[in-house]
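Trainee: Got a few minutes to go through a structure with me? I'd like to talk about helix packing, backbone angles and charge pairs.

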Amino acid sequence: MTIQWFPGHMAKARREVTEKLKLVDVIFELVDARIPLSSSNPMLEEIIHQKRRVIILNKADTADEKTTKEWIDYFADKGLPAVAVNAQEGKGLFKIEQAAEKLMAEKFDRLRSKGMKPRAIRAMILGIPNVGKSTLINRLAKKNIARTGNKPGVTKAQQWIKVGKTLELLDTPGILWPKFEDQEIGYKLALTGAIKDDLLQMEDIAGYGLRFLEKNYPDRLENWLKVEKVSEDPIETLAFIAEKRGLLDRYNDPDYSRAAETVVREIRQQKLGRMSFDFPNWEDDAK
């Protein structure tokens with residue numbers, strides 16, 4: 001299965017982001033803490049050029065905590081400050097402003113030395129769909145300003161939002177990229193909910209999820225299925241789940257589609273615990 005999703009408003013958003021760059025001091029790149037590389041748009045480097053950037057690992061409460069700490073070290077090694085937050089519950093948000101102030105400290109010190117009072121830091125928030133941008137903005141602003149929704153593609157226009165006296169945010173629509181060179185990235189985005197489900201073949205996504213779990217979290221998978229050994233064949237596992245959950249078709253055969261939906265839904269709902277689907281590779285210069 002080939003996974004692609006690049007609606008027209010995303011192409012327009014890229015043009016608008018490029019036009020607005022000169023208005024901002026800092027880029028807040030919001031990524032999914034479970035998939036920091038897969039949820040980072042590779043087009044971003046060419047879009048933002050040399051702008052200062054803070055990596056915000058959102059949904060940190062759903063990711064493997066140890067792996068998230070490794071990711072923060074990974075980004076630091078590349079000269080990029082990174083912070084882990086849970087925008088849904090408002091946890092760790094103070095670290096975002098601290099990181100921005102640190103990036104702007106030298107410039108603002110120069111202004112103060114000239115007798116000028118620094119203005120509020122202007123930041124642009126960029127991220128792929130459904131990574132939590134609107135939720136983060138509403139938490140920072142302490143009121144519902146940005147539209148939110150538990151589906152990708154809710155934000156479709158830019159808006160400036162004041163956060164106290166020290167920070168101004170420019171919200172932007174989520175932007176995916178025209179083509180996933182690595183289809184595994186598409187599977188990870190689909191598994192974590194960044195791509196609309198009605199564009200997906202759920203059995204393929206579930207199959208990928210089961211293979212990933214068997215390789216990286218075998219104990220979790222065995223405990224979830226309550227078995228000592230999980231089949232290496234995802235189809236057999238889906239059949240097992242269907243029979244165990246009573247997900248049968250009218251012929252009393254396993255309903256693979258409903259079993260696949262169950263796998264994907266329960267992975268997303270953390271029924272198997274907190275998990276990360278990207279792992280740092282210190283030799284990888286993709287970021």
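Mentor: Happy to, and we can take those topics one at a time; keep in mind that this is a predicted model.

Trainee: Cool, helices first. How do the axes of α9 and α10 cross?

Mentor: Helix α9 covers residues 234–245 and helix α10 covers residues 256–268. Their axes come within 9 Å and cross at roughly 95°. Angles from 65 to 115 degrees count as roughly perpendicular, so that is the word for α9 and α10.

Trainee: And which residues meet there?

Mentor: On the α9 side you have I235, L238, A239, I241, A242 and R245. Facing them from α10 are Y256, A259, A260, T262, V263 and E266. By class, the residues of this contact are nine nonpolar, one polar and two charged.

Trainee: Switching to the backbone. Which residue that is not a glycine has a positive phi?

Mentor: K226 is one, with phi of about 60°. K226 sits in the loop between α8 (218–225) and α9. Q270 is another residue other than glycine with a positive phi, near 60°, and Q270 is in the segment after α10.

Trainee: Is K226 buried or exposed? And what about Q270?

Mentor: K226 is exposed, at 69% relative accessibility. Q270 has 30%, so Q270 counts as partly exposed.

Trainee: On to charges. How many salt bridges are there?

Mentor: The count comes to 14. One of them joins K188 and D278, at 2.8 Å from N to O. K188 is in helix α6 (residues 183–191) and D278 is in the segment after α10, so this pair ties together parts 90 residues apart in sequence.

Trainee: Are those two buried or exposed?

Mentor: K188 is buried, with a relative accessible area of 11%. D278 also counts as buried, at 5%.

Trainee: Nice. What about R110, which residue does it pair with?

Mentor: R110 forms a salt bridge with E106, and the closest N and O atoms are 3.6 Å apart. The two are four residues apart in helix α4 (residues 94–113), which means about one helical turn separates them. R110 is partly exposed at 43%, whereas E106 is exposed at 60%.

Trainee: And E89, what is its partner?

Mentor: E89 pairs with K91, the closest N and O atoms being 3.1 Å apart. E89 is partly exposed, at 46% relative accessibility.

Trainee: Last one: which residues are linked in a network of salt bridges?

Mentor: D25, K107 and R119 are linked that way.

Technical notes
Residues numbered from 1 in each chain as written. Predicted model: local features only at pLDDT ≥ 70, side-chain atom pairs only at ≥ 80, totals over all residues. Heavy atoms only, no water. Axes fitted to C-alpha atoms, helices over the stretch in contact; angles between N-to-C directions. Parallel < 35°, antiparallel > 145°, perpendicular 65-115°, else oblique. Contact = heavy atoms within 4.5 Å. Nonpolar A, V, L, I, M, F, W, Y, C, P; charged D, E, K, R; others polar. Buried < 20%, exposed > 50% of the residue type's maximum accessible area, 1.4 Å probe, protein only. Salt bridge = Lys/Arg side-chain N within 4 Å of Asp/Glu carboxyl O.
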